[in-house]
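Biologist: I should be grateful for a close look at a single part of this protein, explained for a first-year student. Please take one site and describe what surrounds it.

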Amino acid sequence: MRRIERMGEPSEWTAYIKRNPNAQYRDLDKDEEGITVRKILREHLVRSQYYLCAYCCRRIEPSGEDSLNEHIKPQGIARYSRYSMCYDNIVASCNRQENQPTCSAKKKNDYDEKRFVSPLQEDCEEHFAFAPNGEIMGTTEKGDYTCNLLGLNSYVLKEARKATYKTAADYHDENLVKEVYLMPHEGRLAPFADMIKYFYDRGYFAENT
Ligand SMILES: [Zn+2]
C-alpha cells in the first residue's frame, strides 16, 4: 500500500453536494448529473493516485470497467451512510473480475475501523512488508488484518509482484530502478511502486561490488 497524498476535491463534486445536500452516493446513478459527477470524481482520484489502485497498487485506468470509487467506510453499513459523499472517505480501487477477489470487491461491507490501515493515513506504509517472492505481510496486527481483508496475497497479485521485483532486480542499477519505478512518467507511477520503494529503501537494488 502506498500513502496517498490528496489534491483537493474536484469543484464539480463540491458544487453537486451544495445543490444536493442530502444526496447519498447510491443516488448518483439516478440521473445524468449524478452519473457525470461520479465519473469526474473517479477520474480525479485515479489521476491523484498516479493510476494505481489505492490498495494493491496495480495499474488502473479511469474507465468504470477498470476502477471504481471505493468507500473506505463502507456505504452499505448504515452507521457510515453519512460518509457516503465525503471526499475524504473515497479512494479509487481496482475493479477486476478474478477468481480470488481483491481490494474493494473483497472488502465489501466487511470493515473494522479500529484495525483497518487506510492509504490516506500518514503511517500507512509502516504497516506492510514485502518479500521477493511477491508476498505482502503486515508488520503490525493492523497490517495483517488489512492484507487479509483486501486479499492482497491473491495468486494473481503475488505473481505480478514477484515478476515486477525480478524485472527491477535484473536492472542491476539502483538509479535506473528509481527512475523507472519511483518517478511518475506522464502522471503515472509504475505498478507496485509501493513494493519497489520498500526494497529500494532497504538497499535491495544496490550493487555489492
Ligand atoms: Zn486493487
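**The zinc site and its surroundings**

Modeller: The model is predicted, and the part chosen here is the zinc ion with its protein donors, namely the SG atoms of Cys53, Cys56, Cys94 and Cys103, which lie 2.2 to 2.3 Å from the ion. The four donor atoms subtend angles of 105 to 113 degrees around the zinc ion, and the arrangement is therefore tetrahedral. For comparison, the ideal angle for four tetrahedral donors is 109.5 degrees.

Along the sequence, the donor residues follow the spacing C-x2-C-x37-C-x8-C. Cys53 belongs to the loop between α2 (32-48) and β1 (67-71), whereas Cys103 belongs to helix α3 (residues 103-107), so this pair ties together parts that are 50 residues apart in sequence. Because buried means under 20% relative accessible area, Cys53 counts as buried at 1%, and Cys103 likewise counts as buried at 0%.

The strands come next. β1 pairs with strand β2 (residues 90-94) in the antiparallel sense, over five bridges. Within this pairing, His71 stands opposite Ile90 in β2. β1 is mostly covered, with four of its five residues buried.

Asp66 is also found in the loop between α2 and β1. With a relative accessibility of 16%, Asp66 counts as buried. Its side chain reaches the backbone nitrogen of Glu61 at 2.6 Å. Leaving aside residues up to four places away in sequence, Asp66 touches several residues, among them the zinc donor Cys94, as well as Ser93, Asn95 and Arg96.

How values were computed
Residues are numbered from 1 along each chain as its sequence is written. This is a predicted model: local features need pLDDT of at least 70, side-chain atom pairs count only at pLDDT 80 or more; totals for chains, interfaces and linings use all residues. Side-chain values use heavy atoms; hydrogens and water are left out. Donors are N, O and S atoms within 2.8 Å of the metal (3.2 Å for Na, K and Ca); water is not among the atoms, so sites may look incomplete. Four donors count as tetrahedral if all angles lie between 85 and 135 degrees; four count as square planar and six as octahedral if opposite donors are over 155 degrees apart and all others between 65 and 115; anything else is irregular. Helices (H or I, at least four residues) and strands (E, at least two) are DSSP runs, numbered from the N terminus. Buried means under 20% relative accessible area, exposed over 50%, partly exposed in between (1.4 Å probe, protein chains only). Two strands pair if DSSP finds at least two bridges between them. A polar contact is a pair of N or O atoms within 3.5 Å; within protein, one must be able to donate a hydrogen and the other to accept it, and residues adjacent in sequence count only if both atoms are side-chain atoms. Contact means heavy atoms within 4.5 Å.
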